[in-house]
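User: Please take a close look at one part of this model, then work outward to its surroundings. I am new to it and would like short sentences.

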Amino acid sequence: MMVVNAQMSSSPLSKKRRLSGTETKTGSHCSSSNSVRTDLSHTPANGMAKNGNDAEIDEGLYSRQLYVLGHEAMKRMQNSNVLISGMRGLGVEIAKNVILGGVRSVTIHDEGVAEWRDLSSQFYLREEDLGKNRAEVSQARLAELNSYVPVTGYTGPLTEDYLTKFQVVVLTNSTLDEQQTLGEFCHSKGIKLIVADTRGLFGQLFCDFGEEMIVYDTNGEQPLSAMISMITKDSAGVVTCLDEARHGFESGDYVTFTEIQGMTELNGCKPVEIKVLGPYTFSICDTSGFTDYIRGGIVSQVKIMISFPQMKSLSSSLAQPEFLMTDFAKMEFPGQMHLGFQAIHAFQKKHGHLPAPWTQHSKNKYKLLALAKDVNSAQTGSAKVEQLNESLIKKMSYVAAGDLAPVNAFFGGLAAQEVMKACTGKFMPIMQWLYFDALECLAEEEGFMLTEEECKNCRYDGQVAVFGTKMQDLLAKQRYFLVGAGAIGCELLKNFAMIGLAAGEGEVIVTDMDTIEKSNLNRQFLFRPWDVTKMKSDTAAAAVKLMNPAIKITGHQNRVGPDTERIYDDDFFESLDGVANALDNVDARMYMDRRCVYYRKPLLESGTLGTKGNVQVVIPFLTESYSSSQDPPEKSIPICTLKNFPNAIEHTLQWARDEFEGLFKQPPENAMQYLTDPKFMERTLKLPGAQPAEVLEALYKSLVTDCPQNWADCVAWARNHWQCQYSNNIRQLLHNFPPDQLTSSGAPFWSGPKRCPHPLEFSTTNELHMDYVVAAANLFAQTYGLQGSTDRAGVIKILQDVKVPPFTPRSGVKIHVSDQELQNNNSSIDDTKLEELKAMLPSPESFQFKLTSIDFEKDDDTNFHMDFIVAASNLRAENYDIPPTDRHKSKLIAGKIIPAIATTTAAVVGLVCLELFKIIKGHKKLESYKNGFMNLALPFFAFSEPIAAPKHKYYEIDWTLWDRFEVTGLQPNGEEMTLRQFLDYFKNEHKLEITMLSQGVSMLYSFFMPAAKLKERLDLPMTEIVTKVSKKKLGKHVKALVFELCCNDLSDEDVEVPYVRYTIR
């Protein structure tokens, strides 16, 4: 592994690993008289066990996080003891995320007792805990989050001797003097320090990871690779990649080479730094003395370990701060807030309390400002600013006593990610100060002042200090629909409970049709091991009721979509104040987006992918909608690449997934339809091309030739299928295209992306061969309801008697080289062949078996699904000399798993709830709202105002996606409008001639419609035409229909117009 200095290369690089050495185990402080700890020495019922140096990582629990951090980083994290001081809202948020992450141990520290103001964001404190020590109360509740992580509560003073037990120390709710004293000690002892603080709408984060910090992976991205088409001999050799796809490298990346023919000096070379010349080219080292390049080769990116620049201690950094920007529209704010936070500390030290919220008293009003001026005057380093932003400092004074759950959620996610970076060397640390404000949440009118708010000893005191009591009343009345109760859903519900959303006359309706699985527990923090298999929505609702008993919340188990529009109908949506999405797929997001546009409801949209997160706010009549812009579609793998010419493990894994569907899902499904559905045959014969014959041949195999009678038959089937896929088919391919085959242009056929395969020879001593046979035979047995077996010795015994028919490649077998060639081959089967196939099938009455199709489930390690996928994929990889991959990576690719980590989710949802405040306050200006994107690995933040809803025009009328024509179908005489009247209405009222009219996928009218059909429809009521064309009755819940129009204006020009909402009830 290489180590380079961080200044040498700022490019994003990838993964290299090192196992961290054993560190001294904590323990002595656990028995302190000031400590409290839950005993987790037994192994809990869910199978989780204790952490430790040799502990196996529980992939079932940490699965999604492992795809973000990797095994080596997780092992390093499991050697880290973390102290988190201050158990108010921010401290508990950090502790929650760090415990879920899986460090070796967490000690939570607090010398203070729970007060009313803590309840506005400390979700593990309840009213009955007032007056009790915050650490002692929180300890047992935090310990439940992850039974691998011992959680200790400590209530004594933080002495230097005590701190030596920890690798990472986090300070929240601490004085500046304490931060500086402990900061100097931690810096001198190599203990990594994080200081986090929030004051109302403002937040601060500081990191000091000492003088030596190795970063093993700066960005967490998968290393890139590309296929080579040419390398020149030059003082800086130029590498050209195949033009199938851009190489994606950046200058400063390091690469190595394999499989080059000719210039073999590069194969397995030490990592070489590159300079990018273009999307398909880059230069490397001096190649002038190397052998001539002939062909082939793969270039792969290498992750380089970097030595991070020395960080300053907190005291040094206060005077010479380095800021990480969170909002590029507020470039001067970090420097101002840096002084403002020091002034708040000075105020607290002088007066013994924080500035009173929104104080109008002339004496108090300028106290913080005067202190900020003093702090600035005393600066000698770069922290000194030319001019204080007095307006900003005053606002800090007004809200400094506030404590907001969303701000704590945002900073809690960031700080916990920094703890993980400190423990693991995975991702780039924050250098060194980060400041953030959410001042847009205050009233939009410049100079607006709340009256001085008296805190009334209620659980929302920390929030009332910022927004006042009227806002609290508004929050309590809200009726919100939350779609999804997974990771984002759990975090949203926690924030909803803390801020008092629907804690009065309002209601939160949360729907999720999923049940809780073990892998959810790592980030869906409202769930516990004993909740596995329960419904997510009900369990989450019950959990947040404990956090705030006043919240009105109802759990549903419905999927949102056209099928549930009887439940989520006009009345339901019209009663809502807004919708929050917590979904994991684009289709459901787009559906909810369309519903929100139609019902004109605000939508809060967010998502995460590993350390990346985004927030989008959709506001009626103001912003574009979620569907207004879309990501480009994912690239699909060409069929011919999958079938015959794979060149990457992704190809063999997709092939294995297709095998799974084609062996254990589709055939049993078709067979049962044939046996139970009389119309199945009729439907099958109507399929295009060769499909009817393929389906009938597969049916014949399922019901006759392959139908097993016992376990031995299943083993024989698996062995013969192995022979077919990994030997016979490859031999046939090589018969058609021998290894030395040339193309019509004289180039080798097997070159570039086409890797020449070789057949495999079956052996019972080869573990992978046996893995395949055992998994395939068990799955095959399951489809026929037969008993399987994992007895390998028994399987080997059966295999000795299995007859494998000899195979000779045949001439005249057509193998398609490209997808284009495949499409052009529209072969169909003559009817006599189909009749023969039909006649050979057994009659449904005579068949005794009941077949069961198998749905792929990646997270159950006992069901043989992933066993089959891994074996099938790696065997095919061996055919084509593609490096195999392990079960963990196979599951990621084949299962299309989205990597996820609790830190990103917490931070993203904090930002979502800040937008929620703005919606409820009724903000009208586009610039008040913020769409956000973050990548905690880099770290990088970007905020922008949402894009305004694009404007369209017909005649002189401007319109956006939020506008529509409102047409009342029922006329004053009680009769419904006919098509003729509808067309006339638009001609007379809007001067528009309708040329086409549709509802959903049904065309109701067009100017080119046959005259007879038009005559028949013109005098029919609109709803009658809709039911006639769509062949569906209109449900009683349908109050209105949506019609899409194509229109011409008076000058016969085509004009774009809004849709029509046609009210029928």
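Analyst: **Two helices in contact, and what follows them**

Start with the residues that touch. From helix H24 come Leu 768, His 769, Asp 771, Tyr 772, Ala 775, Ala 776 and Leu 779. From H28 they meet His 865, Asp 867, Phe 868, Ala 871, Ala 872, Asn 874, Leu 875 and Glu 878. Keep in mind that this is a predicted model. Sorted by class, the contact of H24 with H28 has 9 nonpolar, 3 polar and 3 charged residues.

Next, the geometry. Two packed helices are described by the angle between their axes and by the distance between those axes. H24 covers residues 767-783, and H28 covers residues 865-879. Their axes are 8 Å apart and the packing angle is about 135°. Roughly antiparallel would need an angle over 145 degrees. H24 and H28 are therefore oblique to each other. The crossing of H24 and H28 is left-handed.

Now leave H28 along the chain. A loop leads from H28 to helix H29 (887-894), and Asp 881 lies in that loop. The phi angle of Asp 881 is near 55°. That is a positive value, in a residue other than glycine.

Further on comes helix H30, at residues 902-921. H30 packs against helix H12 (residues 405-424). The angle is about 160° and the axes lie 7 Å apart. The cut-off for roughly antiparallel is an angle over 145 degrees. H12 and H30 are therefore roughly antiparallel to each other. Their crossing is left-handed. On the H12 side, the contact includes Pro 406, Phe 410, Leu 414 and Met 420. On the H30 side, Thr 903, Ala 907, Leu 911 and Phe 917 are among the residues met. Glycines take part too: Gly 413 in H12 and Gly 910 in H30. The contact of H12 with H30 divides into 13 nonpolar, 4 polar and no charged residues.

A third helix pair makes a useful case to set beside these. Helix H20 (residues 649-676) and helix H23 (residues 711-736) have axes that come within 14 Å. Those axes cross at roughly 140°. H20 and H23 are therefore oblique to each other. Their crossing is right-handed. H20 brings Trp 655, Glu 659, Leu 663 and Phe 664 to the contact. H23 brings Trp 717, His 721, Gln 725 and Tyr 726. By class, that gives 5 nonpolar, 2 polar and 1 charged residues.

Back to the chain beyond H30. UniProt, in an unreviewed entry, places the feature "domain: Ubiquitin-activating enzyme E1 C-terminal" at residues 929-1060. This span is 22% helix and 35% strand. Its end C-alpha atoms lie 29 Å apart. Strands E26 (931-935) and E27 (940-944) are joined by a loop that holds Pro 939. The peptide bond between Leu 938 and Pro 939 is cis, with omega about -20°.

E26 and E27 also belong to a sheet. It is an open sheet of 8 strands, in the order E22-E21-E20-E23-E24-E25-E26-E27, and its pairing is mixed. Strand E22 (553-556) and E27 stand at the edges with a single partner strand each, so one side of each has no neighbour in the sheet. On average, neighbouring strands here are turned by 10° against each other, direction ignored. At the E22 end, 4 bridges tie E22 to strand E21 (residues 507-511), and the two run parallel. Val 508 has Ile 553 in E22 as its bridge partner. Helix H16 (residues 536-547) lies across E21 and E22, at about 165° to E22.

One more sheet rounds off the tour. This one is open, has 7 strands with antiparallel pairing, and follows the order E13-E12-E16-E10-E11-E15-E14. E13 (272-273) and E14 (275-278) are its edge strands; each has a single partner, so one side of each is left without a neighbour in the sheet. Strands E12 (residues 254-258) and E16 (residues 298-302) run antiparallel and share 5 bridges. There, Thr 256 stands opposite Ser 300. E14 and E15 (residues 281-283) are joined by 3 bridges, also antiparallel. Lys 275 stands opposite Ser 283 in that pair. With 2 residues between them, E14 and E15 form a hairpin.

Definitions and conventions
Residues numbered from 1 in each chain as written. Predicted model: local features only at pLDDT ≥ 70, side-chain atom pairs only at ≥ 80, totals over all residues. Heavy atoms only, no water. Pairing = 2+ DSSP bridges. Axes fitted to C-alpha atoms, helices over the stretch in contact; angles between N-to-C directions. Parallel < 35°, antiparallel > 145°, perpendicular 65-115°, else oblique. Left-handed = near helix turned anticlockwise from the far one by under 90°. Contact = heavy atoms within 4.5 Å. Nonpolar A, V, L, I, M, F, W, Y, C, P; charged D, E, K, R; others polar. UniProt positions renumbered as here; feature names shortened; annotations may be inferred.
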